[in-house]
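Hi,

Here is the structure I promised to pass on. Have a look at it first, and then read my notes below.

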Amino acid sequence: MNAAARILDSDFLYGFRRSPVAVISFLIVLICALAALLAPWIAPHNPFDLASLNLMDSLKPPAFLPDGDAAFLLGTDDQGRDMLSAMMYGTRISLFVGILSVALALIVGIAAGLLAGYAGGAIDAVLMRVADVQLTFPAILIALLVDGVVRAVLPREFHERAEIYVLIFAIGIALWPQFARTVRGSTMVERGRDYVMAARVIGLSPARIMASHILPNVLGPVMVLATLNLGIAIVTEATLSFLGVGLPPTQPSLGTLIRIGNDFLFSGEWWITIFPGIMLGAMVLAINLLGDWLRDALNPRLR
Amino acid sequence: MFAFIIARLLQSIPVLLAVAFISFAMFAYIGDPVTAMLGQDYTEAQRIAVTHALGLDQPFFVQYLHFLWQALHGDFGLSYRLARPVSELILERLPATAELSFTAAFLALLIGVPMGVYTGIRRTSPISRLFMIFSLVGISLPTFLIGILLILVFAVLLGWLPSFGRGDVVHFSHWSTGFLTLSGLKSLILPAITLGLFQMTLIMRLVRAEMLEVLRSDYIKFARARGLSQRAINYGHALKNTLVPVITIVGLQLGGLLAFSIVTETVFQWPGMGLLLVQSIGVADIPVMSAYLMLIAVVFVVINLIVDLLYFAVDPRLRASGGAAR
């Protein structure tokens, strides 16, 4: 049996095919990911090309409403940007920030968790106290404050260009303690196993033992946590952008689009807010459901 | 129990000191208060004079102790943005946030617990399924999106409720309340629902899960064998025992409520501390940010302590062992 056939025949895929929730969620995530990835090629308009924008096109309702324009399927915003295209690019930015901030949290969390779990003693105590203190505060608050501090440190002219990386940093820092705790827990179990003893007897360095022997064995639960945290990261980014301390309107994520639309809610232009809102809600819901399913599917006790 | 409280209080001191240290570091090293106060043109002598007056020429630890001393007296300096004492600004906005958060927590408990009990007892009824779908949406939708949807439906389309502000408030010396006027109460409804929805769904799922767990246990079977009515079993035996985890989560979530009130207050332009914080972050108003951080830390410590005390009230086993079990 070759590798492809083995994967197709696995319990994992069988369980996946049998769960309609998982399949539908996966499809939604796939559609969002494709729309985000291929936005420069498949979006009907380029919302960043200022030359192509026409103020005459601003605040057009969606195509299916009486005053709609067939060229703008989901209507336009106040600057005449096509909502569908803006949403595709917005999803691209939201996913970019979400994935990179979870990656940052993963790297920091895994490094801290391995170190704390393997070294123990004072290093463990210090790292875990820091994580504990941080966990008492909600992630969104930490991200908000880190974002505020970094903004204050950076000179004003860098703000717009650096904002996306400031956000990734702020959210990544806000999410690391959970990863660190999970990795630490599993590392402490693995540390006592025979294969680690063997590696130590051969004389491998602690860094090598942690990275190439323990790490692969503690990665499972961390990956599930990463999926669930992707939803949190995307919502946190959207919330910060909505609050006006995230991405600027020149670089709109879904949260920024919703904030722009919020100003037009009272004059009846609901589509600027509602469509990006639905997109964000559906994407996060699908990611969460997929994460939940993954957690149950990988947990042997629940089988 | 008294010893337990003292121990908990002692444990929280390092946490508060650490947070105070971060606050102080923000205060001392971000931005330059001297140039902020002197503007563009100043002489070296002026700079030294101001630096001395602000105590910035003192050693690091002396400055930190000074900061702690002032923070203990509620003095966090002037806001860069509004040029008013930070403590005054925060006190002014405290009532709005407190009323909003408590109303939200109250709503969440009042609706969440019965929903959880119902879905726990009647697992398969269509209404339970509806509640579960509703809770999934409540957990996944971001707070600000729920607020916007509520505004769209109840303020823009139906025109029933106001969409921003606190309405008319009544002042009692330092406190202002919106509970006593009709417009104040009407303004409170949408923000409180927005803020409470996540907690409500969380409480519902938690109570449901706990009920399912407890209803399977031996003492419930035994109660049934004794011939107690289903009602007495559900409420007298089962619900009571689900309360310990519920109190933990609700207590810890009360802090979460404060954080999410930042978002809700921005959506509804609610004049509370959260809105103040967001406005301050936008312009890097460090004194307000560090004061908010300190205040939140104190609130969290107090909440954690109250949660621990509630355990004693609810769980007789803890009372018997004097809290040594934890």
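Let's start with a small puzzle: leaving aside its neighbours within four places in sequence, which residues is Ile203(B) in contact with? The list is Ala108(B), Leu109(B), Gly112(B), Val113(B), Gly116(B), Val246(B) and Val250(B). Keep Ile203(B) in mind, as that residue comes up again further down.

**How far to trust it**

Remember that this is a predicted model. For the complex, the predictor gives an ipTM of 0.78 and a pTM of 0.81. Chain A has a mean pLDDT of 82, with 88% of its residues at 70 or more. Chain B averages 78, and 90% of the residues there score at least 70. Within chain A, confidence is lowest in helix H1 (residues 3–8), where the mean is 68. It is highest in helix H5 (residues 83–119) of chain A, at 90.

**The two chains**

Chain A comes to 12 helices and 0 strands, so to speak an unbroken run of α in its pattern along the sequence. Chain B has 13 helices and 2 strands. As for burial, 45% of the 303 residues of chain A count as buried, and for chain B the figure is 37% of 326 residues. You can also ask how far along the sequence the contacts reach. Taking contacts between residues at least 6 apart in sequence, 69% of those in chain A join residues at least 24 apart, and in chain B 71% do.

**Where the chains touch**

How many residues does each chain put into the contact? Chain A gives 33 and chain B gives 29. On the chain A side, the elements that supply two or more residues are helix H6 (121–136), helix H7 (139–153), helix H10 (206–243), helix H11 (254–262) and helix H12 (271–298). H7(A) gives the most, with 10 residues. Sorted by class, the chain A side has 22 nonpolar, 9 polar and 2 charged residues.

**The core**

The largest nonpolar core holds 154 residues. Those that touch the most other members are Met87(A), Ala143(A), Leu144(A), Leu175(A), Ile203(B), Met289(B) and Tyr292(B). There is our Ile203(B) again, in a list with residues from chain A and chain B. H5(A) provides the largest share of this core, at 17 residues. As background, nonpolar side chains tend to be buried together in soluble globular proteins.

**Two helix pairs to look at**

Try chain B for one pair: helix H7 (residues 143–157) and helix H8 (residues 182–215) pack at an angle of about 145°, and their axes are 9 Å apart. The crossing of H7(B) with H8(B) is right-handed. From H7(B), the residues that meet the other helix are Thr143(B), Ile146(B), Gly147(B), Leu150(B), Ile151(B) and Phe154(B). Their partners in H8(B) are Leu190(B), Ile193(B), Thr194(B), Leu197(B) and Phe198(B). By class that makes 8 nonpolar, 3 polar and no charged residues.

Now compare a pair in chain A. The axes of H10(A) and H11(A) come within 7 Å and cross at roughly 35°, and this crossing is right-handed too. H10(A) contributes Glu237(A), Ala238(A), Thr239(A), Leu240(A), Ser241(A) and Phe242(A). H11(A) answers with Leu254(A), Gly255(A), Thr256(A), Ile258(A) and Arg259(A). The classes here come to 5 nonpolar, 4 polar and 2 charged residues.

**Two loop residues**

Gln269(B) is worth clicking on: it has a positive phi of about 45° although it is not a glycine. You will find Gln269(B) in the loop between helix H10 (230–267) and helix H11 (273–282) of chain B. Is Gln269(B) buried or exposed? It counts as exposed, because just 12 other C-beta atoms lie within 10 Å.

Pro162(B) sits in the loop between H7 and strand S1 (170–172) of chain B. With 19 C-beta neighbours inside 10 Å, Pro162(B) is classed as partly exposed. Beyond its neighbours within four places in sequence, Pro162(B) is in contact with Ala155(B), Gly167(B), Lys186(B) and Ser187(B). For a sense of distance, the C-alpha atoms of Pro162(B) and Ile90(B) are separated by 25 Å, and the two residues are 72 apart along the chain.

Happy exploring!

Technical notes. Residues numbered from 1 in each chain as written. Chains lettered and ligands numbered in written order. Predicted model: local features only at pLDDT ≥ 70, side-chain atom pairs only at ≥ 80, totals over all residues. pLDDT = per-residue confidence, 0-100. Helix = DSSP H or I, 4+ residues; strand = E, 2+ residues; numbered from the N terminus. Contact = placed C-beta atoms within 7 Å. Nonpolar A, V, L, I, M, F, W, Y, C, P; charged D, E, K, R; others polar. Core = buried A, V, L, I, M, F, W, Y, C linked by C-beta atoms within 7 Å. Buried ≥ 20, exposed ≤ 12 C-beta atoms within 10 Å, placed from the backbone. Axes fitted to C-alpha atoms, helices over the stretch in contact; angles between N-to-C directions. Left-handed = near helix turned anticlockwise from the far one by under 90°.
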